[in-house]
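Okay, thanks for squeezing me in, everyone. I'll put the structure up and then talk through a few charged pairs, a helix packing and how far to trust it.

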Amino acid sequence: MDQDDAALLGGRHLYLRPVMPGDYGLLQAMETAGPYATRWRYRGETPSPDRWVQTLWGGVWAQYLIVRRADDQPIGFVFAYRASQLDRHCYFAALSFGLDAGPLVTLGIAIFLNYLFTVGAFRVVYAEVPEYNMPQFASAVDRYCQTEGRLKDYVFWNGRYWDMHILAFRSEMRRPDGPLAYALSQPPTPVSTAASVQRPDDEISDGIPQRLVFRPKGVR
C-alpha cells in the first residue's frame, strides 16, 4: 500500500491534522462534559487547565483531529500512546464528536491505524476497551482485531466493576486483500441524526466502531 504523505493523512472526505493549542477548549469540553464526562479519561473529575494539558500530551506518540473536508469541521479525535519503539507496538484511542459524522470518524480511525503501521512501523496497535463498551466491537473482533487479554474487575463505572478487554490490531491487516485496505476503499455512508443522538455508543460502520475506544483515567 504505497501512499504519499497527503494520502496517509486523509482523503476525499476528511483529513487528519495535528492538535493545536486553539483546539484545547473543544477537547477539554468533550472530555469533561456531556456523555463522555464519566466514561472517558477523567470519569467525573474536572482537572485544572494545567493538569489537563499535561495529561493531553503525556506519553503521546501522535494525536490528530479528524476533520471533515466539506466544512473543515473537527468531528473526532485519535491518538497513539504508550509506544515502544523497540518492541514496535503502541496503544490507541478514539473519540467521536457526534455531529452526524459517524461513518467519517470510522474512516478517520482506519486512516490513523494505517498511519501507525506505515509511518510508525508498529507491528501491533492495542486498544483498551471496558466490558460495557464491548458490544460496539462485536463485529470487529476476529475481522479487524483479536482479543488478547482480559483484566478482571478492572474499571469502576456506573456503580460496579467491569472487565477490561485488550484488543490487538496487527499490521498484517494492511495487506492488499486485508480488512484495513477494504475499509479504506469504502465510501462513507450517511447515518441519521436520530440514530447518532439516540444511540451514541452503539454505532458501527462495516465492523469498525465509530464512537469510543475507552482508555482508563491516568493510563498512557
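So, let's start with D23, which makes a salt bridge to R17, with the closest N and O atoms 2.8 Å apart. Keep in mind that this is a predicted model. How buried or exposed are the two partners? D23 counts as buried because its relative accessibility is 8%, under the 20% cut-off. R17 comes out at 24%, so that one counts as partly exposed.

Next pair: R41 and E31, also a salt bridge, and here the closest N and O atoms are 2.4 Å apart. R41 sits in the loop between α2 (24-32) and α3 (49-57), while E31 is in helix α2, so this pair ties together parts ten residues apart in sequence. Both R41 and E31 are buried.

Then there's E131 with R160, whose side chains meet in a salt bridge at 3.9 Å, N to O. E131 is in the loop between β5 (124-130) and β6 (146-157), and R160 is in strand β7 (residues 160-170), so the link joins parts that are 29 residues apart in sequence. On accessibility, E131 has 26% and therefore counts as partly exposed; R160, at 38%, also counts as partly exposed.

There's a network too: salt bridges link R150, K152 and D163. How many salt bridges turn up in a search of the whole structure? Nine. As a reminder, side chains of opposite charge can pair when their charged atoms come close.

Okay, helices. Two packed helices are described by the angle between their axes and the distance between the axes. For α2 and α3, the angle is about 90 degrees and the axes are 11 Å apart. That makes the two helices roughly perpendicular to each other, since anything from 65 to 115 degrees counts as such. Who's touching whom? From α2 we have Y24, L27, Q28 and E31, and they meet P49, W52, V53, L56 and W57 of α3. By type, that contact splits into seven nonpolar residues, one polar and one charged. And yes, E31 is the residue we just saw bridged to R41.

Now look at V19, in the loop between β1 (14-18) and α2. V19 is buried, with a relative accessible area of 5%. Setting aside neighbours within four places in sequence, V19 touches Y24, L27, L56, W57, Q63, Y64, L65 and F77. Y24 and L27 are in the α2 side of that helix contact, and L56 and W57 in the α3 side. And V19 to F79 is 9.9 Å in space, C-alpha to C-alpha, with their positions 60 residues apart in sequence.

Zooming out, the protein chain has six helices and ten strands. Of its 220 residues, 52% count as buried. Of the contacts with a separation of 6 or more, 68% come from residues 24 or more positions apart.

Last thing, confidence. The chain averages a pLDDT of 79, and 78% of the residues score at least 70. Which elements sit at the two ends of the scale? Strand β2 (residues 60-68) has the highest mean, 96, and helix α6 (residues 193-198) the lowest, 30. Residues 191-220 are below 50, although the stretch has 110 contacts in the model beyond near neighbours in sequence. Where pLDDT is low, the predicted coordinates should not be read in detail. That's it from me.

Terms used:
Residues numbered from 1 in each chain as written. Predicted model: local features only at pLDDT ≥ 70, side-chain atom pairs only at ≥ 80, totals over all residues. Heavy atoms only, no water. Salt bridge = Lys/Arg side-chain N within 4 Å of Asp/Glu carboxyl O. Buried < 20%, exposed > 50% of the residue type's maximum accessible area, 1.4 Å probe, protein only. Helix = DSSP H or I, 4+ residues; strand = E, 2+ residues; numbered from the N terminus. Axes fitted to C-alpha atoms, helices over the stretch in contact; angles between N-to-C directions. Parallel < 35°, antiparallel > 145°, perpendicular 65-115°, else oblique. Contact = heavy atoms within 4.5 Å. Nonpolar A, V, L, I, M, F, W, Y, C, P; charged D, E, K, R; others polar. pLDDT = per-residue confidence, 0-100.
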